[in-house]
Amino acid sequence: MTTQRFARALPDIFQYVFLGIAAFLSIFPFIWMLIGATNKNNDIIQGRLSIGSSLQDNIASFLTKVDLPLVMWNSIKIAIIGTAITMLVSSLAGYGFEMFRSKWRERIYSAILLTLMVPFAALMIPLFKMMGWGGLINTHTAVILPGIASAFIIFYFRQASKAFPTELRDAAKMDGLKEWQIFFYIYVPVMRSTYAAAFVIVFMLNWNNYLWPLIVLQSNETKTITLVISSLASSYTPNFGEVMIGVILATLPTLFVFFVMQRQFVQGMLGSVK
Amino acid sequence: METARPGGLKRYYDVNEWLFVGPALALIALFMLYPIAYSLYLSAFSGKGMMVKFAGFGNIIRLTKDPVFITALTNTITFFVIQVPIMITLALILASLLNNPRLKFSGFFRTAIFLPCVSSLVAYSVLFKSMFALDGVVNSALETIGIISEPISWFTEPFWAKTLIIIALTWRWTGYNMIFYLAALQNIDRSIYEAARIDGVPAWARFVYITVPMLKPVILFTTVISTIGTIQLFDEVYNLSAEGKGGPADSTLTLSLYIYNLTFRYMPSFGYAATVSYVIVVLVALLSLLQFYVARERR
């Protein structure tokens, strides 16, 4: 009897073991990052798993190499401004494509969706040259500009706009509101959860952006936290204690956004398959 | 098709309507369509720096004779041919386990497995670089368990360097794909599974004959985006190889990294680099077409 019950429970136990290992492996690097920040470089590369006493030394040596307020300011500025403009432009377009349909606009919309397949690698050389002509190399404008009109976010807003009640728009028109007033005074407040989800996704993309800033931002005064970690870690003899401080600083904002807005986060990621 | 607008305000509305989509269209034209056309134009020129001359198809011929390009292409294809199936299978298994309504702590498991998606590509690459050091935490763990007897040299042996990239990619993206499958699984009627269970269909068969076919559209979608992502692989290989060069011995050099090297590390040869970038465009287009074709065929 007991062996039978055990045999029946066996697949269950296996499930938990499998999920437990997966969960552990997924979380471990985050724990490693926190432990590493308290250890010396030598201890980190020798895999020390206990909390050390070098946190202050690591922070101090990180601060001597990195102008932290400037770097964080650069990252935050790019992420916030980039995200705000992207959401405005893309939601206007998503609204426009959904509300006013015409044969031409549908064709253009399909063409926009095709651009989802264009890899960034194919754009980076021409974009770099264009930024050179515009005198924008080494500016944050150059980082933000190419990402603003995102086919993915336009698609996301158009899909979400299908849920926007047309009666609201008709009633507002009856009251004599102009189309832009309907958009800003009715659509935006009604669709705020859509905006929240889009914010999370676009903010993450901007905050974590790497290849394009690496190309365009060449002086230390303009660099973002992502670029700083990368250059600290790629030196001949990286001090991983310092690197960990940078990794924590780069990861905290996205972790925070994730835990505060988990529902919107997942909703935003799934936005494209609905 | 709804084309006509009511009332005499048609003209006014037409202008207004284009104003909504106008800014996005202008930006896409400027930062997407123009660059891709310009890139095609560039690919017809050869030479470095200021010494540039028209080459026609010369760059394409050069591609076939360039051993570094061949290596980068082979590496890129190796990465997605091996990594994408591993990750998709793992994500499917995890999603179907988590979809079990009687599973305890499913919220915890889901959040934990999804957590890697929150980390930036650079941050996690750097973390992995410290974890996979010769005497590092991963090697000592593997030695303790008894899987290996000597530490693996993850950064100097080509095979292990490639393996490390595959491990890293799988860590970062499995949870992301899993979330798509979980959402899709919730739309499948539970009673199908119950009926199969009552008929004595074992769990693996329910997975193979119910879950996988039902999720085919989502699996296709995630395979396409994962493949496109892997073809463009850059952040990880740049940050996990010494000095970002794609070593050891070019074993982790990808097409994107090669384009970067050609353009920004040495004397820029924009024309040739643009030609390599078109290889990525063609690869992405071909694979997307192929995957959609395969899915349509079986339907």
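# Two chains in contact: a working chat

User: How many residues does each chain put into the contact?
Analyst: Chain A contributes 71 residues and chain B contributes 73 residues. Two residues are in contact if their C-beta atoms, placed from the backbone, lie within 7 Å. This is a predicted model, in which local features need pLDDT of at least 70, side-chain atom pairs count only at pLDDT 80 or more, and totals for chains, interfaces and linings use all residues. Residues are numbered from 1 along each chain as its sequence is written, while chains are lettered from A and ligands numbered from 1 in the order in which they are written.

User: Which element gives the largest share of the side of chain A that touches chain B?
Analyst: That is helix 1 (residues 2-36) of chain A, with 13 residues. Helices (H or I, at least four residues) and strands (E, at least two) are DSSP runs, numbered from the N terminus.

User: How do the residues on that side of chain A divide into nonpolar, polar and charged?
Analyst: On the side of chain A that touches chain B, 52 residues are nonpolar, 15 are polar and four are charged. Here Ala, Val, Leu, Ile, Met, Phe, Trp, Tyr, Cys and Pro count as nonpolar, Asp, Glu, Lys and Arg as charged, and the others, Gly among them, as polar.

User: Turning to chain A by itself, how many helices and strands are there?
Analyst: Chain A has 15 helices and zero strands. Its radius of gyration is 24 Å, well over the 19 Å that the globule rule gives for 274 residues, so chain A is more spread out than a compact globule. The radius is taken over C-alpha atoms, and the rule is 2.2 Å times the number of residues to the power 0.38. Along the principal axes, the C-alpha atoms of chain A fill a box of roughly 75 × 70 × 35 Å.

User: What share of chain A counts as buried?
Analyst: Of its 274 residues, 43% count as buried. A residue is buried if 20 or more other C-beta atoms lie within 10 Å of its own, exposed if 12 or fewer, and partly exposed in between, with C-beta atoms placed from the backbone.

User: Into which domains is chain A divided?
Analyst: The division is into domain 1 (2-57) and domain 2 (67-270), with bounds that come from an automatic or database domain assignment. The C-alpha centres of these two domains of chain A are separated by 34 Å. Nine residues of domain 1 of chain A are in contact with eight residues of domain 2 of chain A. On the domain 1 side, helix 2 of chain A gives the most, with three residues.

User: And chain B, what is the helix and strand count there?
Analyst: Chain B has 13 helices and two strands. Its radius of gyration is 24 Å, whereas a compact globule of 299 residues would have one near 19 Å. Of the 299 residues of chain B, 41% count as buried. The domain assignment gives domain 1 (10-42) and domain 2 (59-298) of chain B, and their C-alpha centres lie 34 Å apart.

User: Where does UniProt place the ABC transmembrane type-1 domain in chain B?
Analyst: The unreviewed UniProt entry places that feature at residues 73-291 of chain B. UniProt positions are given in the numbering used here, feature names are shortened, and annotations may be inferred rather than shown by experiment. In the model, residues 73-291 of chain B are 73% helix and 0% strand, with end C-alpha atoms 20 Å apart.

User: Which residues have the most contacts inside the largest nonpolar core?
Analyst: They are A:I229, B:A24 and B:Y181, in a core of 153 residues. Such a core is a set of buried Ala, Val, Leu, Ile, Met, Phe, Trp, Tyr and Cys residues joined through C-beta atoms within 7 Å. Helix 3 (residues 67-98) of chain B supplies the largest share of this core, 13 residues.

User: What does A:I229 touch?
Analyst: Not counting residues up to four places away in sequence, A:I229 touches A:V243, A:G246, A:V247, A:A250, B:V122, B:A123 and B:V126. A:I229 is one of the buried residues in helix 13 of chain A. In that helix (residues 225-233), eight of the nine residues are buried.

User: Is B:V294 buried or exposed?
Analyst: B:V294 is exposed, because 11 other C-beta atoms lie within 10 Å. B:V294 lies in helix 13 (residues 270-298) of chain B.
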